[in-house]
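Trainee: I have a model open and no idea where to begin. Please take me through it.

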Amino acid sequence: MSDFRSRGLEALKAKIAALEAGGRADSESLPFGDERIDDCLPGGGLPLGRWHELYGPGLEMETAAAPAAFAALLAAPLARRGEAVWVVRRDDLWAPGLAGLGFPPERLIQVCARDEAEALAVMEDALATVGVSAVFGEVETVDLTAGRRLQLACEKMGATGFVVRRRPYGGTAKREGAGSASATRWRVASAPSEPAAGEFGLGDPRFAVTLERCRGGRTGAWLFEASGAYSWETTDVAHPLRLVADLGDRQLAPAQSDRAAA
Amino acid sequence: MEPGSGRDDSDKACPFALVENVRGARRLAAVSLEAARLRLWPGQKVTDAVAVVPDLLTAEAEPEKDAEALSALVDWCVRFSPAVAADAPDGLFLDVGGVAHLFGGEAEMLADFQGRLAANGLPFRCTIADTPGAAWALAHYGADGTIAPPAGQGELIAPLPPAALRLDPDAAAQIERLGLRRIGQLMELPRAPLARRFGQATLDRLDQALGRTKEALTFRRPPTPWVARLAFFEPISAPEDLARVAHDVTAKLCERLEREGQGARKFEVCFHRVDGKALPVAVGLSLPGRDAARVAKLFAPKLETVDPGFGIDVVTIAAFEVEPVSGRQVKLDARKDAAVEDGLAPLVDRLANRLGEDRVWRAVPVESHVPELSVGRAPALNDKPCDQSSWDPEAPRPVRLFRRPEPVEDVLALTPDDPPRQFRWRGRLHRVSRAEGPERLGEEWWKREIEEVSAAHVRDYYRVEDADGQRFWLFRAGLYDPREPAKWWLHGLFG
């Protein structure tokens, strides 16, 4: 009986997934290669053909350096499958920095939009283009309508969108919208690096990352290291991000025990 | 084709002249027909002229305005031929080779041209000949409206004075002083002594007029044989009509491009208004193309800027950067292996034409040690892939580079070249826990004058990480000097 019920549930889940994917059965995902995070994500990896939201806390909301670096690392395997487009409003993205992280700048087309609406329109246009695999956009907020439009554009050709949230300098914070159509939302902050024993200077860049929302998956928090950054071997590793530690256990464990007690 | 030397002001018989300063003296720059009839001439001193004609009206000459007017006229002439060259100060050359048939022949074209110029109040002397030199000579010294038969310009210019060869006035005066009053006499002289006596320039001008040597004209826009033209019986002005004729004229040209296996990177549609103004609208393609529907779609949003005024009676289109394009085979599995022409090229075209060409680019390495100069911008789609070898991935570079380095305060650093222990940026104090450096980047002294090179332009870069893990790219400007506090700047963020 219970076996029958779970099978029915499985079938229903598959049906819903097919509906959500807009009728396309081949919704792919990009695994990190570490089950501690892949298990949290639907399909065992970063869902492709969707769009993802990244932001940084505090001053990073204006500079958006860590989220941009993390987005480039997330998308580095995608950039080998097709062209990438990066839409900025403030022209301070620097290609040598991306090259150092292992993102191939020769596959990147940079577009400087004049305002928020234009940036979103360009993103939408690029996502729906054949031959584009990843589209980055630096915008302040994506409301529900814009998010839904991005999602439809993603589904057209299976491109993946990365929205790096960034406030224009000196602007006041906009009130955050109620919902979002993004597949995942990541809060990205830089974390202190740890050079190997006996070495001077900085270690490989580290990021403290919280997966705040994840459609069809679980949230969590992790510490990542860009293990191949700033070396010639960057292009050879399977995924440029290496999971160093699971931060979620430490932070979420008390909350879970509370709930269990209640 | 050449204008008359002044405006004809038929109802007023008042002599009129323009005045300019030539080496400290006030001289006439141009004279009206009436003034010319009273024996005034350009170059005459104003005092002399006023002594001869006391009621002479004068005004200041404005050479810049004249040049502007001439270039506006050149733009207008594009309706007749895509290759128009201004011949300062008061003439212009049209290369009518291959376009006369559009008007029904050279004579009809000349009549149409003269009629339209006269309607705009511009009395021009127009001639057609095989060479620019011969056409100039006939327009200035021959009969108005002369059409020299092919290879027949020699007989026509033979009776003209040597000055008709566009010689400098001294040379022309000298030739005439020696009794050579016609070009025909020059043509009979042996070439070598002629060159020795009057200079190579004289011989060159003669050869150019007779078509023995080529002459380079500076066309206002690059000449292109790829032009098409639509003329209307009734002027049009409705926006939807503009869109339709833009599409029609594009289709006309693209049909020709397709037939000859060519594609173009740049299209320019020019709307010619009834009042003589020409309104050009240009779009660019990242890859050469000839798909009329696609090109017309790029034109559509730009047509709003076209002000039809009292109506538009002629539309021309010219294609530039034309190169062979082979037809491509349709791929069976279009989604997996999409050709650039299908997806990326239209995207880049849409973006570049909507946002502006400078807002869509691909970063390319430039050989330079100065960080802000080491990234160049290339067109988003390039035929030849460029090598990316010059950015060294082992030198850590930030993801965000500020266009202007931002000053940081409250820097604690052990000198001479220890990294900072703490610094304040945007009002927040950062304590440095780890640091790398210095990496000394000097200025490119070999690119400028040796006197301008100074040690103050040297920068010592450090990559530092604060206690929270934020990574910064800081530099100290100049060499260490114990008498002066060091200046620190933040140039980028690693994230």
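Mentor: First a term: two strands pair if DSSP finds at least two bridges between them. Helices (H or I, at least four residues) and strands (E, at least two) are DSSP runs, numbered from the N terminus. This is a predicted model, where local features need pLDDT of at least 70 and side-chain atom pairs count only at pLDDT 80 or more, while totals for chains, interfaces and linings use all residues. Residues are numbered from 1 along each chain as its sequence is written, and chains are lettered from A and ligands numbered from 1 in the order in which they are written.

Trainee: Ok. How many helices and strands does chain A have?

Mentor: Chain A has eight helices and 11 strands. Chain B has 13 helices and 20 strands.

Trainee: And what share of each chain is buried?

Mentor: A residue is buried if 20 or more other C-beta atoms lie within 10 Å of its own, exposed if 12 or fewer, and partly exposed in between, with C-beta atoms placed from the backbone. By that count, 45% of the 262 residues of chain A are buried. For chain B, the figure is 33% of 495 residues.

Trainee: How many residues does each chain put into the contact?

Mentor: Chain A gives 43 residues and chain B gives 45. Two residues are in contact if their C-beta atoms, placed from the backbone, lie within 7 Å.

Trainee: Which elements of chain A give two or more residues to that?

Mentor: They are α4 (65–79), α5 (95–101), β5 (108–112), α6 (116–127) and β8 (184–191) of chain A. The largest share, six residues, comes from α5(A).

Trainee: How do the residues on that side divide by class?

Mentor: There are 27 nonpolar, 11 polar and five charged residues on the side of chain A that touches chain B. Ala, Val, Leu, Ile, Met, Phe, Trp, Tyr, Cys and Pro count as nonpolar, Asp, Glu, Lys and Arg as charged, and the others, Gly among them, as polar.

Trainee: Which strand of chain B does β5(A) pair with?

Mentor: β5(A) pairs with β12 (residues 360–365) of chain B, in the antiparallel sense over two bridges. There, Q110(A) has W361(B) as its bridge partner. β12(B) is also joined to β13 (residues 375–378) of chain B by four bridges, again antiparallel, and V364(B) stands opposite G376(B).

Trainee: Why is β12(B) described as largely enclosed by the rest of the structure?

Mentor: Because five of its six residues are buried. Helix α13 (residues 344–355) of chain B lies across β4 (83–88) and β5 of chain A together with β12 of chain B, running at about 105 degrees to β12(B).

Trainee: What is the strand order in the sheet of 11 strands?

Mentor: The order is β11(A)-β10(A)-β9(A)-β8(A)-β3(A)-β7(A)-β6(A)-β4(A)-β5(A)-β12(B)-β13(B), an open sheet with mixed pairing. β11 (241–246) of chain A and β13 of chain B stand at the edges with a single partner strand each, so one side of each is left without a neighbour in the sheet. Neighbouring strands are turned by 30 degrees against each other on average, direction ignored.

Trainee: Where is there a parallel pair?

Mentor: One is β6 (residues 132–139) and β7 (residues 160–165) of chain A, joined over six bridges. In that pair, A134(A) stands opposite T160(A).

Trainee: New topic. What is the order of the sheet of four strands in chain B?

Mentor: β8-β11-β9-β10, open and antiparallel. The edge strands are β8 (227–236) and β10 (278–289) of chain B, which pair on one side only. β9 (residues 262–273) of chain B pairs with β10(B) over eight bridges, and A264(B) stands opposite G289(B). α12(B) packs on this sheet, touching β9 and β10 of chain B.

Trainee: At what angle do α11(B) and α12(B) pack?

Mentor: α11 (residues 239–259) and α12 (residues 292–299) of chain B pack at about 145 degrees, with their axes 9 Å apart. Axes are lines fitted to C-alpha atoms, for helices over the stretch in contact, and angles run from 0 to 180 degrees between N-to-C directions.

Trainee: Which residues make that contact?

Mentor: A246(B), H247(B), T250(B), A251(B) and C254(B) come from α11(B), and A292(B), V295(B), A296(B) and F299(B) from α12(B). By class, seven are nonpolar, two are polar and none is charged.
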